[in-house]
Amino acid sequence: MKPLRSLLCLACCLPLLAYAGQGRLLATGGATSLEGAAGGGITPWAVLAGYGERGEWGGDVFATRVETGDYRLEVAGAAVAYGNRLELSFARQRFDLGTLARDLSLPENSLSQDIFGAKWRLFGDLVYDRLPQVSLGVQYKRQKDFLIPSLIGAQRDEDAEAYLTASRLVLGGAFGYNLLLNGGVRYSRANELGLLGFGGDRRDSRSLLKEGSVAVLFNPRWAVGVEYREKPDNLSFARESDWADLFVGYFPSKRLALVLAYARLGEIATLRNQDGVYLSVQGSF
């Protein structure tokens, strides 16, 4: 996939091109979620992309791949933030239907989606304030291959959703190691992030969904943690499972981040036990 390869190359070359702010701690820009917002892999954090502080720009480019054996998800995108206050992001997802397309002789073998996001830091700071950093995010999602979602009961090919998330880095909070705590709620009716459309024959209204993550930073460059994301169950065609993962993050500098995870995705479009490997590469400035 040429756009994905191009963004991977850009992410790897970014350390030679970008300037990173020196005030924020290493790894406090997080990685990039599957939907383009700064944070973890399957859940956003309240942090904003890059390492820019007040009056400065920051941002990142990223590429992510998830393999379960039956399915493959590829995501690439970018985000920019100003003044550690406002983040704007874009992500393009391509979902290879693999086994399902072959077994059911589907008219299409992949689904794709564009996601435009904005996140606003409301108050607090990840480290330096008495209050945790709290951010409000909105995402507009546009499903680009709606034939299959429409056949299984999805009601629309585009929609908007919102999330509220709070994050705190507790210095020395885990037996002397730094501890990252993150929790949020999402208001959404997206089926499998929106790749299977929005709303369904079982339920067409938005649901309030929980998500969160915990990570331990064993030193400034290495983090190990877990994530959880609750998901709606709108389609009678197939049950939709909540997602979880166990991840390792490596931050060799403020310009580069690598995340490797074991993801438990449950049932996706009738195929069960969709556990697999998640790999993401991010370049920041």
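1. A residue counts as buried when its relative accessible area is under 20%. With that cut-off in hand, strand 3 is a good place to start: 8 of its 11 residues are buried, so the strand is largely enclosed by the rest of the structure. Please keep in mind throughout that this is a predicted model.

2. A word on confidence before you zoom in. The chain has an average pLDDT of 91, and 92% of the residues reach at least 70. The stretch to treat with care is residues 1-22, where the pLDDT is below 50; this stretch still has 34 contacts in the model beyond near neighbours in sequence. Where pLDDT is low, the predicted coordinates should not be read in detail. I would view those contacts in that light.

3. Back to strand 3 and its partners. Strand 3 pairs with strand 4 in the antiparallel sense, over 11 bridges, and Gly59 has Val80 in strand 4 as its bridge partner. The two strands form a hairpin with 4 residues between them. In that turn, Gly69 has a positive phi of about 100 degrees. Strand 3 is also joined to strand 14 (residues 275-284) by 8 bridges, again running antiparallel. If you want a residue to find there, Thr64 stands opposite Ser280 in strand 14.

4. Next, the nonpolar interior. The largest nonpolar core has 47 residues, and Leu34, Tyr71 and Phe95 are those with the most contacts inside it. Among the elements that give two or more residues to this core are strand 3 (57-67), strand 4 (72-82), strand 5 (86-96) and helix 2 (98-104). Strand 13 (256-264) is also on that list, and the largest share, 4 residues, comes from strand 13. As background, nonpolar side chains tend to be buried together in soluble globular proteins.

5. Which residues does Leu34 touch, not counting residues up to four places away in sequence? The set includes Gly41, Ile42, Thr64, Val66, Leu73 and Val75. Also in the set are Ala91, Gln93, Leu193, Trp243 and Tyr278. Thr64 is thus both a contact of Leu34 and the residue opposite Ser280.

6. Gln113 deserves a look of its own. Gln113 lies in strand 6 and counts as buried because its relative accessibility is 0%. Its side chain makes a polar contact of 2.8 Å with the side chain of Gln93. A polar atom of the Gln113 side chain also lies 3.3 Å from the backbone oxygen of Leu193. Leaving aside neighbours within four places in sequence, the contacts of Gln113 include Ala91, Arg92, Lys141, Arg142, Gln143 and Phe198. Gln93 and Leu193 are contacts of Leu34 too.

7. Ser188 is another polar residue worth displaying. Is Ser188 buried or exposed? Ser188 is buried, with a relative accessible area of 3%, and its place is in strand 9 (residues 177-188). A polar contact of 2.6 Å joins its side chain to that of Glu161. The side chain of Ser188 also has a polar atom 3.0 Å from the backbone nitrogen of Ala190. Not counting residues up to four places away in sequence, Ser188 touches Glu161, Arg206, Ser207 and Leu209.

8. On to the rings. The structure holds 6 aromatic pairs. In one of them, Phe90 and Phe116 have ring centres 5.1 Å apart and planes at 50 degrees, so the pair is tilted. Phe90 lies in strand 5 and Phe116 in strand 6 (residues 110-123), so this pair ties together parts that are 26 residues apart in sequence. Phe90 is partly exposed at 28% relative accessibility, and Phe116 is partly exposed at 36%. Together with Tyr140, Phe90 and Phe116 form one aromatic cluster.

9. Finally, two backbone details to check on screen. Most residues other than glycine have a negative phi. Ala27 has a positive phi, near 80 degrees, and sits in the loop between helix 1 (2-17) and strand 1 (31-32). Thr270 also has a positive phi near 80 degrees, and is found in the loop between strand 13 and strand 14. Ala27 is buried, at 8% relative accessibility, whereas Thr270 is partly exposed, at 35%.

How values were computed:
Residues numbered from 1 in each chain as written. Heavy atoms only, no water. Core = buried A, V, L, I, M, F, W, Y, C linked by side-chain atoms within 4.5 Å. Buried < 20%, exposed > 50% of the residue type's maximum accessible area, 1.4 Å probe, protein only. Contact = heavy atoms within 4.5 Å. pLDDT = per-residue confidence, 0-100. Polar contact = N/O pair within 3.5 Å; in protein donor to acceptor, adjacent residues only side chain to side chain. Pairing = 2+ DSSP bridges. Phe/Tyr/Trp six-rings, centres within 6.5 Å; stacked < 30°, edge-to-face > 60°.
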